[in-house]
Amino acid sequence: MEAATAAATGNALRIGPYPVDPPVVLAPMAGITNLAFRKLCREFGSATSLYVCEMITARAIVERNEKTLHMMSFDADEHPRSMQLYGVDPKTLAEAVRIVAGEGWADHIDMNLGCPVPKVTRLGGGAALPYKRSLYAEIVKAMVRAAEPYGVPVTMKFRIGIDDEHHTYLDAGRIAEAEGAQAVALHARTAAQRYSGQADWTAIAKLKEHVTTIPVLGNGDIFAAADAVRMMAETGCDGVVVGRGCLGRPWLFAELAAALRGEPMPEPPNLGRVGEVLYRHGALLTDHDGEDKAMRDLRKHMAWYLMGFPVGSELRRAFATVSRLSELAGLVEQLDREAPFPRDAEGPRGRQGSPGKVALPHGWLDDPDDPAVPHAADVMHSGG
C-alpha cells in the first residue's frame, strides 16, 4: 500500500496542468464511455480523476461528422474533458487536434495505439501502429505541436506489441517521451492476446524504468481496488487505467479512491442499490440519446450489473430486452433489494475472447522505419 499511497499523495500524478487525484483513469471503451457512463463513474469517484470519452476517429472530426460530434459530447461540469483519438495519418491527426483544442472541445487528448480489433489493425492503426517507429514518431510530434498553442496535453496509450515476437512498448514509450507526450499508458497485453490470458505487469515496471521524465500508467486486469494498489506497488507506475473492471460497476471508482487514499472502503452495494444505479444509468442515457437508443444501448450492460446476483432467468431476459425507461423501473422493482453483493461478482468481466493472429497490412512487418502512411488507412469509422 505504501508505494501506491506515495504516488497518490506526495508525488501526485499530473497530466500536463491537470492533477489526477487519486491517480485513476477511466479507460476509453467504444460504445461504453459515453457522456452518461462517465457521469455515473464521476458521481461515485473523484472529480479530479480522469474519465476518457470513447474513441473518436480523427477523419470524422475533420469532416465534422454529425454522429461523431454527438459522441464527443461532455457534461457541463465535466473537467478536465478527456478525449481519445484514432488515426494513422499525422496530418489528419494534427488537424483533428487543432479543431478539438481550438474549439475548446477537450482539455486533454489521448491517442489510441492499443486497439486490437482486426478492422483497425489491418489498416495499420491501433496496436499495429507503434511497430512503424518513424510514422509513430511523426504522429506524436504532429499532435503535440498542434495542441501546444492551446495548452492541451497529449498522451499515448499502447500495448506491449503486436505479438510475442514483435514487442514495441519500450520504443513507443521512448519516442512518446522524446516527442513531447505528457504521459504514456501501457495495456500489458499484446494485440494477439486481445483481452485473453493475464496482463503482464512486469512490462509496466520495465516501461517505468525506461521512461523517466513523464508519468507511466498501467492498464490490465484491475477488477478490484486491491488490484490497483497491488499494480502500483509492484510496478512503481504513477497511476492506473481501469477498463473492463468497472463494467456494470461504476461504484468501483469510490472503492479505488478509498484504497489509493488509505481511507475506509465503502460497503459494496446490495441488489436494491445496484437496481437504483442501473436505473440512473438508463435515465442518463435517455437524456443524452433519447429513449429508444438509450434502452438498446443499456441492454449490453445488464449482465454486468446483475453478475452473480440471484436473479431468475425470466427476469434476466426481461432486463436484456427492455425498451422503455418505465419498463426498466418496473423490472428494478422486482429485484430482491436485500440480496447482498456476491463474492463471485468481483472477478473478471467484459469481453475475454481468445488470442489470435493480428490482421496487418500487406508487408507491414518488412521495415519498421518506413514512415509511409498505409494506403486507404485514413478512413472514417466508429469502432474499436
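Two strands count as paired if DSSP finds at least two bridges between them. With that in mind, the β8 and β9 strands of this predicted model can be described: they form a hairpin with two residues between them. The strands β8 and β9 (residues 166-167) are joined by two bridges and run antiparallel. Within this pairing, G161 stands opposite H167 of β9.

Strand β8 has other partners. It runs parallel to β7, and five bridges join the two. One contact in that pairing is L113, whose bridge partner in β8 is F158. β8 also pairs with β10 in the parallel sense, over six bridges. There, R159 stands opposite H187 in β10. As for its surroundings, ten of the ten residues of β8 are buried, so the strand is largely enclosed by the rest of the structure. In a regular strand, side chains alternate between the two faces of the sheet.

The strands β7, β8 and β10 come up again when empty space inside the model is considered. Rolling a probe the size of a water molecule over the atoms shows where empty space is left. A search of the whole structure finds one cavity of 30 Å³ or more. The volume of the largest cavity is about 130 Å³. Its lining consists of 15 residues, and those nearest its centre are V25, D110, T155, A185 and L217. The elements that give two or more residues to this lining are β7 (108-113), β8 (154-163) and β10 (183-190). By residue class, the lining of the largest cavity divides into eleven nonpolar, two polar and two charged residues.

The next topic is charge pairing. The structure holds 25 salt bridges. One of them joins D75 to R42, with the closest N and O atoms 3.3 Å apart. This pair links distant parts of the chain, since D75 sits in the loop between α4 and β6 while R42 belongs to helix α2 (residues 35-44), 33 residues apart. D75 and R42 are both buried.

A second salt bridge brings together the side chains of D221 and R244, at 3.8 Å from N to O. D221 is in the loop between β11 and α10 and R244 is in the loop between β12 (239-242) and α11, so the pair ties together parts that are 23 residues apart in sequence. Both of these residues, D221 and R244, are buried. Elsewhere, salt bridges that share partners join K39, R42, D75 and D77 into one network.

A third salt bridge lies within a single helix. The side chains of R174 and D171 meet at 3.2 Å, N to O. Because R174 and D171 are three residues apart in helix α8 (residues 169-178), they are separated by about one helical turn. An α-helix has 3.6 residues a turn, so residues three or four places apart point the same way. R174 has 38% relative accessibility and counts as partly exposed. D171, at 27% relative accessibility, also counts as partly exposed.

D221 reappears when the backbone is examined. Its phi is positive, about 65 degrees, although D221 is not a glycine. The loop that holds D221 runs between β11 (216-219) and α10 (225-235). The relative accessible area of D221 is 17%, and because the cut-off for buried is under 20%, the residue counts as buried. R64 is likewise not a glycine, and has a positive phi of about 50 degrees. R64 lies in the loop between α3 (58-62) and α4. At 41% relative accessibility, R64 counts as partly exposed.

Two peptide bonds ahead of prolines also deserve a look. The bond from D21 to P22 is cis, with omega near -5 degrees. P22 is in the loop between β2 (18-20) and β3 (24-26). The bond from H79 to P80 is cis as well, again with omega near -5 degrees. P80 is found in the loop between α4 (66-71) and β6 (82-86).

The last element is helix α11 (residues 252-261), which is mostly covered, with eight of its ten residues buried. The buried residues are L252, F253, E255, L256, A257, A258, A259 and L260. After α11 comes G262, whose phi is positive, near 70 degrees.

Conventions: Residues are numbered from 1 along each chain as its sequence is written. This is a predicted model: local features need pLDDT of at least 70, side-chain atom pairs count only at pLDDT 80 or more; totals for chains, interfaces and linings use all residues. Side-chain values use heavy atoms; hydrogens and water are left out. On a 1 Å grid over the protein atoms alone, a cavity is a set of points where a 1.4 Å probe fits but cannot get out, and a pocket is an open set with protein on both sides within 12 Å along at least five of seven lines; lining residues have an atom within 4 Å of a point. Grid points are joined across faces, edges and corners, and a volume is the space filled by probe spheres set on the points. Helices (H or I, at least four residues) and strands (E, at least two) are DSSP runs, numbered from the N terminus. Ala, Val, Leu, Ile, Met, Phe, Trp, Tyr, Cys and Pro count as nonpolar, Asp, Glu, Lys and Arg as charged, and the others, Gly among them, as polar. Buried means under 20% relative accessible area, exposed over 50%, partly exposed in between (1.4 Å probe, protein chains only). A salt bridge is a side-chain nitrogen of Lys or Arg within 4 Å of a carboxyl oxygen of Asp or Glu.
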